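Here is a set of exercises to work through with the viewer open. Try each task yourself before reading its solution.

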Amino acid sequence: MAKASPAFTNFTAGELSPRLDGRTDLQKYFNGCKKLQNFIVHPHGGASRRPGTIFVREVKNSAHNVRLIPFEFNVEQTYILEFGDTYFRIHKDGGTVVDGSSDPIEVSTPYAHTDLAKIKFTQSADVMYVAHPDFSPRKITRTSHTAWTIAEVDFLRGPFQDENTTATTFLASGRTGTVNVTASTSTFVSTDVGRLIKVHDGVTKITGFTSATVVATAVQTNADGRAELMPSYAATTISAHEGDPSSTGLEHNDRYQDTAGQFVAQGFKVGQKITVTGFTTGNNNETSAIIVKVTEDTLLLAPSADLTDEAAGDSVTITGDLTATTEFALGAFSTTTGFPSAVAFYEQRLVFASTTQQPQTLFFSVGGSFEDFADGTDADDALTYTLGSNQVNIIRYLQAGRVLLVGTSGGEFVVTSSEDAPLSPTNAVVKRQATYGSADIQPVQVANVTLFVQRAKRKLRELVFDLNTDSYQAPDLTLLAEHITDTGIKEMSLQQEPDNVVWCVLENGLFAGMTYRREENVIAWHEHIIGGRSGACTITVSDYANIATGTTLTFTKSDGTTVTFTSEATGSSDPSSSLGFRPNTNNNTTADNIFTAINAHADFTVANPAAAVVTIEETSPTPTGFLSVVSSDTTRLTTTDQT
């Protein structure tokens, strides 16, 4: 049989799964490799050796997890934030940002090293918002190259859970400043401190827990700039007017008028009960009159009011009543309810999603005001939307594009407006696009495509709009190389130059890349082995005769434990201790003696001495950390550490 030598022209299919062995019926078979390690596939078809890496700086504590998060201030000033155990450091241009004493600039954070995997983030200019389900949202602010801060987001006027529908009532002890809020039934818990309450036409924040029915609060600023729960207005420009006199038998439409036109600005609204004092005519001083219409200069009262005409001139005070009310709502973000676990910007709104109590809910800020969540029906008001589904779909990520993509544990959704207009409280529409389910890993955006990890973490999918079906599709990008990501993906990042490569950190500690150019049909996976141990510890012996008795060689192993070997008296006798060695005859022989002592220890493996140099490695090193050695006589026993 004739021997065939087919031409392989490119590697645009990357490394192929062993399950495809012999599948010559596939076109991709002739564009792939059985093994593609430490090579990068280029969109043109060729492959070249992976570039090397550089050592910038050891992280603060190599025994802990760290996470690198990009911070892009502008196209020229980009940083990498090194998040570790309750801190972050800043790196830029292959170096570390330091202070005046050359120490790394370090900012304290609430996140332990075990919390880092759940961090989600989004950025606008010099501010980055950070979400984590166990911590209140933070924002990182860069004010200069060396000035960085992280602080809790001080949310304005929300967001809130649904309005109360029970018979429970709330009553505030005052309108402004520090006030107690009392509930008619057990409602509060100690973890509510920091939670907002919407009550009496205002917002107040819980500052202290007294009991299940009483909390101390601080009144917050309203949307119109007033820091009060109910309005209070005193002026000499207010007059009283009788509508239909009693003699007509018709309903009253009595009213107060203000020539200064301050009623709307002072916060009076339809439905409020008010108390009026200061009029000379007694029946004009109403108690709990109900407002049915408000304009700048007029408060029209409910028909039950019966005023007498009286001109302005007296100092009249109109105050909104603080009465027990069932109309209240509790804040959506707190230690009690959980904090949002996903965040993104979309159409000039900051969007949070998925608290413990509301895992399927999205919270949109006021348009153009990222920390204001005052809801309403105006086009730029904040809005809250809960995904409707026949199963619990915990929101895992948000990704903004032409629409807002929402990845949940059970499927993929899009949020858009029902018309060709910006998203608003009255036109928001959410539609399911796929049912694969997403892992709790931040996706990456490549042009108009979102790449996300499926729930089991083994598959990488692309969420892309398909004109033929008028919906989003999510094809599997690991189909031809499922063995590479079989242990699971931990995190992803996109490299745009010189080629589009999606880099994935795997659960097994390895590194994988996927050259991705959908327009050229290039989806090529390649494996990479980075790091490991270079060299070993060494001890160089010189001037052996003057090595003093008691000189020590202390080894610190990769797990942090130490072993110390000690010099005994010069001579040819065997050392008296298993951790001892004797200087003898010459430098080379002394090195042999050190070799014998250390090699006899189960934790170490020692190469035969090269003249007066002893080379040591750990027998069973841990996956992280290195072996180091410290000599108490750095003149006669000089050392180097493993790297």
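**Exercise 1. A glutamine and its surroundings**

Which residues does glutamine 272 touch, not counting residues up to four places away in sequence? Keep in mind as you look that this is a predicted model.

Solution.
- Step 1: Find the place in the chain. Glutamine 272 sits in the loop between strand S21 (255–258) and strand S22 (273–277).
- Step 2: List the neighbours. With residues up to four places away left out, glutamine 272 touches Asp201, Met230, Pro231, Gly267, Ala289, Ile290 and Ile291.
- Step 3: Pick out polar contacts. The side chain of glutamine 272 makes one with the side chain of aspartate 201, at 3.1 Å. The side chain of glutamine 272 also reaches the backbone oxygen of glycine 267, at 3.4 Å.
- Step 4: Check the accessibility. Glutamine 272 has a relative accessible area of 6%, so it is buried.

**Exercise 2. The second largest pocket**

Work out which residues lie nearest the centre of the second largest pocket, and which elements contribute to its lining.

Solution.
- Step 1: Start with the volume. The second largest pocket holds about 810 Å³ of space.
- Step 2: Turn to the lining. Of the 29 residues that line the second largest pocket, His200, Asp201, Gly202, Lys269 and Gln272 lie nearest its centre.
- Step 3: Name the elements. Strand S16 (196–199), strand S17 (202–209) and strand S26 (328–330) are the ones that give two or more residues to this lining.
- Step 4: Look again at aspartate 201. Its place is in the loop between S16 and S17. Aspartate 201 has a positive phi of about 65°, although it is not a glycine. With 28% relative accessibility, aspartate 201 counts as partly exposed.

**Exercise 3. Another aspartate with positive phi**

Is aspartate 470 buried or exposed?

Solution.
- Step 1: Locate the residue. Aspartate 470 belongs to the loop between strand S37 (460–466) and strand S38 (471–473).
- Step 2: Read the backbone angle. The phi of aspartate 470 is positive, about 55°, although the residue is not a glycine.
- Step 3: Apply the cut-off. Exposed means over 50% relative accessible area. Aspartate 470 is at 59% relative accessibility and therefore counts as exposed.

**Exercise 4. Cysteines without a bond**

Why does cysteine 33 form no disulfide with cysteine 504?

Solution.
- Step 1: Recall the chemistry. A disulfide is a covalent bond between the sulfur atoms of two cysteines.
- Step 2: Set the cut-off. The two sulfur atoms must lie within 2.5 Å.
- Step 3: Compare. The closest cysteine sulfur to that of cysteine 33 is in cysteine 504, 18 Å away, which is too far for a bond.
- Step 4: Give the total. The count comes to zero disulfides.
- Step 5: Add the accessibility. Cysteine 33 counts as buried at 13% relative accessibility, and cysteine 537 counts as buried at 0%.

**Exercise 5. The span of a helix**

What distance does helix H1 reach from its first C-alpha to its last?

Solution.
- Step 1: Take the length. H1 (residues 587–599) has 13 residues.
- Step 2: Compare the spans. H1 reaches 18 Å, close to the 18 Å expected at 1.5 Å a residue.
- Step 3: Inspect the start. There, a side-chain oxygen of asparagine 586 comes to within 3.1 Å of the backbone nitrogen of asparagine 588.
- Step 4: Mark the buried residues. In H1 these are Thr590, Ala591, Ile594, Phe595, Ala597 and Ile598.
- Step 5: Bring in the geometry. An α-helix has 3.6 residues a turn, so residues three or four places apart point the same way.

**Exercise 6. A buried threonine**

With which side chain does the side chain of threonine 450 make a polar contact of 2.6 Å?

Solution.
- Step 1: Place the residue. Threonine 450 is part of strand S36 (residues 449–453), and its 0% relative accessibility counts as buried.
- Step 2: Gather the contacts. Beyond four places in sequence, threonine 450 is in contact with Gln399, Leu405, Pro443, Val444, Gln445, Arg461, Glu462 and Leu463.
- Step 3: Identify the partner. The polar contact of 2.6 Å joins the side chains of threonine 450 and glutamine 445.

**Exercise 7. Cis peptide bonds**

Find where proline 159 and proline 498 sit.

Solution.
- Step 1: The peptide bond from glycine 158 to proline 159 is cis, with omega near 0°. Proline 159 is in the loop between strand S13 (147–152) and strand S14 (170–172).
- Step 2: Glutamate 497 and proline 498 are also joined by a cis peptide bond, with omega about -5°. Proline 498 is in the loop between strand S39 (489–495) and strand S40 (501–506).

How values were computed:
Residues are numbered from 1 along each chain as its sequence is written. This is a predicted model: local features need pLDDT of at least 70, side-chain atom pairs count only at pLDDT 80 or more; totals for chains, interfaces and linings use all residues. Side-chain values use heavy atoms; hydrogens and water are left out. Buried means under 20% relative accessible area, exposed over 50%, partly exposed in between (1.4 Å probe, protein chains only). Helices (H or I, at least four residues) and strands (E, at least two) are DSSP runs, numbered from the N terminus. The expected span of a helix is 1.5 Å times one less than its number of residues. A polar contact is a pair of N or O atoms within 3.5 Å; within protein, one must be able to donate a hydrogen and the other to accept it, and residues adjacent in sequence count only if both atoms are side-chain atoms. Contact means heavy atoms within 4.5 Å. On a 1 Å grid over the protein atoms alone, a cavity is a set of points where a 1.4 Å probe fits but cannot get out, and a pocket is an open set with protein on both sides within 12 Å along at least five of seven lines; lining residues have an atom within 4 Å of a point. Grid points are joined across faces, edges and corners, and a volume is the space filled by probe spheres set on the points.
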